[in-house]
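Reader: I'd like to learn how to read a fold from its coordinates. Could you walk me through one?

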Amino acid sequence: DLDLVIRETKRCAVIIRRLLDFAREKAPEKKFCNLNQIVEDTVRIIERPAHLRDIEITMDLDRDLPPVWVDADQMKQVIMNMLVNAQHAIEEKGSITIRSRRVPEARSPGPGAGPVPMLELSIIDTGCGIPEQNLTRIFDPFFTSKELGKGTGLGLSVSHGIVSAHGGSIKVESTVGEGSTFRVYLPVNPPSDDAESSGSDR
């Protein structure tokens with residue numbers, strides 16, 4: 001009984017922390033970072049539990065990527081959320097691939113914004129996939145398709161908010177029964193106001 005109380009208390013703490021993260025919308029503390037290093041640090045945390053579930057994690061990282069202007073801790077949170085979701089989507093043996101690359105052509109980070117150089121981080125899983133009717137809802141706060149007690153519905157919402165605060169975007173492609181691909185797009189360079197306030201960080 002005590003083990004159950006401890007386990008459920010820890011679960012409540014996680015839910016409360018995610019609620020606070022979502023409500024606070026903490027401003028990113030950005031500097032130029034190695035995106036591949038952020039990926040590798042995050043995968044190191046999660047690869048053992050994945051291995052125990054017979055899930056293979058593969059990193060396909062472009063070693064020629066330029067530094068990217070991000071909050072490293074927040075980006076680790078985004079990658080962690082997506083890797084955990086990918087693991088949960090794989091019921092039995094499967095694989096997760098994490099790929100980084102420079103987007104060949106400049107693209108707009110959002111409506112009304114001009115095209116800028118971007119990096120793309122893809123997380124590809126061989127899980128159950130997302131039904132088409134849910135694709136437009138997965139970033140909504142508290143939306144989850146997991147069983148009761150298995151998810152808060154905040155992971156992707158918090159991730160979406162973090163990426164948006166970095167001037168980036170998240171796209172998702174999915175096929176039920178085959179898997180999903182999440183693509184995170186991040187501007188390489190800081191906006192002009194960030195650069196002026198943190199010129200010494202370059």
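Author: Gladly. Let's start from one residue, Thr-181, which lies in strand β7. Keep in mind that this is a predicted model.

Reader: Is Thr-181 buried or exposed?

Author: Thr-181 counts as buried, because its relative accessibility is 12% and the cut-off for buried is under 20%.

Reader: Which residues does Thr-181 contact, leaving aside its neighbours within four places in sequence?

Author: Thr-181 is in contact with Ile-123 and Ile-124, and also with Lys-171, Val-172 and Glu-173, once neighbours within four places in sequence are set aside. To place those residues, we need the sheet.

Reader: How should I read a sheet, then?

Author: Begin with the general idea: strands of a sheet pair through backbone hydrogen bonds, either parallel or antiparallel. Here, five strands form an open sheet with mixed pairing, and their order is β2-β4-β5-β7-β6. At the edges are β2 (55-61) and β6 (169-175), each of which pairs on one side only. From one strand to the next, the twist averages 10 degrees.

Reader: How many bridges join β5 to β7?

Author: Eight bridges join these two strands, which run antiparallel. One of the links is between Glu-120 and its bridge partner in β7, Tyr-185.

Reader: And what about β4 and β5: in which sense do they pair?

Author: Strand β4 (residues 94-102) and strand β5 (residues 118-125) pair in the antiparallel sense, over seven bridges. You can follow the register through individual partners: Arg-99 has Ser-122 of β5 as its bridge partner, and Arg-101 has Glu-120 of β5.

Reader: How many of the eight residues of β5 are buried?

Author: Seven of the eight are, so β5 is largely enclosed by the rest of the structure. A general point helps when you look at side chains there: in a regular strand they alternate between the two faces of the sheet.

Reader: Which helix lies across these strands?

Author: Helix α3 (residues 72-89) lies across β2, β4, β5, β6 and β7 (179-187), and runs at about 25 degrees to β5.

Reader: How do I read the packing of one helix against another?

Author: Look at how the axes approach and cross. The axes of helix α2 (residues 35-52) and α3 come within 9 Å, crossing at roughly 30 degrees. That angle makes α2 roughly parallel to α3, since angles under 35 degrees are put in that class. The contact involves residues of α2 including Ile-38, Thr-42, Ile-45, Ile-46 and Pro-49, and residues of α3 including Met-75, Ile-79, Leu-83 and Gln-87. As for handedness, α2 passes α3 in a right-handed crossing.

Reader: Why do residues three or four places apart in an α-helix point the same way?

Author: An α-helix has 3.6 residues a turn, so residues at that spacing point the same way. Now try helix α4 (residues 155-165), where the buried residues include Leu-156, Ser-159, Ile-162 and Val-163.

Reader: What is the relative accessible area of Ser-159?

Author: The value is 0%, so Ser-159 is buried. This residue of helix α4 touches Val-78, Asn-81 and Ile-170, not counting residues up to four places away in sequence.

Reader: Where should I look for unusual backbone angles?

Author: Check the sign of phi. Gly-167, which follows α4, has a positive phi near 75 degrees. Asp-54 has a positive phi of about 60 degrees although it is not a glycine. Asp-54 sits in the loop between α2 and β2 and counts as partly exposed, because its relative accessibility is 45%.

Reader: Which residue in the loop between β5 and α4 could I look at next?

Author: Try Gly-129, which is found in that loop. Gly-129 counts as buried, because its relative accessibility is 13%. Its C-alpha atom is separated by 5.6 Å from that of Gly-177, although the two residues are 48 residues apart along the chain. Beyond its neighbours within four places in sequence, Gly-129 is in contact with Ser-174, Thr-175, Val-176, Gly-177, Gly-179 and Ser-180.

Reader: How many helices and strands does the chain have?

Author: There are five helices and seven strands, and from the N terminus on they run α-β-α-β-β-α-β-β-α-β-β-α. Of the 202 residues in the chain, 39% are buried. Among contacts with a separation of 6 or more, 73% join residues 24 or more positions apart. The chain exposes about 11,800 Å², with carbon and sulfur atoms supplying 51% of that area.

Key:
Residues are numbered from 1 along each chain as its sequence is written. This is a predicted model: local features need pLDDT of at least 70, side-chain atom pairs count only at pLDDT 80 or more; totals for chains, interfaces and linings use all residues. Side-chain values use heavy atoms; hydrogens and water are left out. Buried means under 20% relative accessible area, exposed over 50%, partly exposed in between (1.4 Å probe, protein chains only). Helices (H or I, at least four residues) and strands (E, at least two) are DSSP runs, numbered from the N terminus. Contact means heavy atoms within 4.5 Å. Two strands pair if DSSP finds at least two bridges between them. Axes are lines fitted to C-alpha atoms, for helices over the stretch in contact, and angles run from 0 to 180 degrees between N-to-C directions. Accessible areas come from the Shrake-Rupley method with a 1.4 Å probe; for residues, only the protein chains shown count as cover. Angles under 35 degrees count as roughly parallel, over 145 as roughly antiparallel, 65 to 115 as roughly perpendicular and the rest as oblique. A crossing is left-handed if the near helix is turned anticlockwise from the far one by less than a right angle, and right-handed if clockwise.
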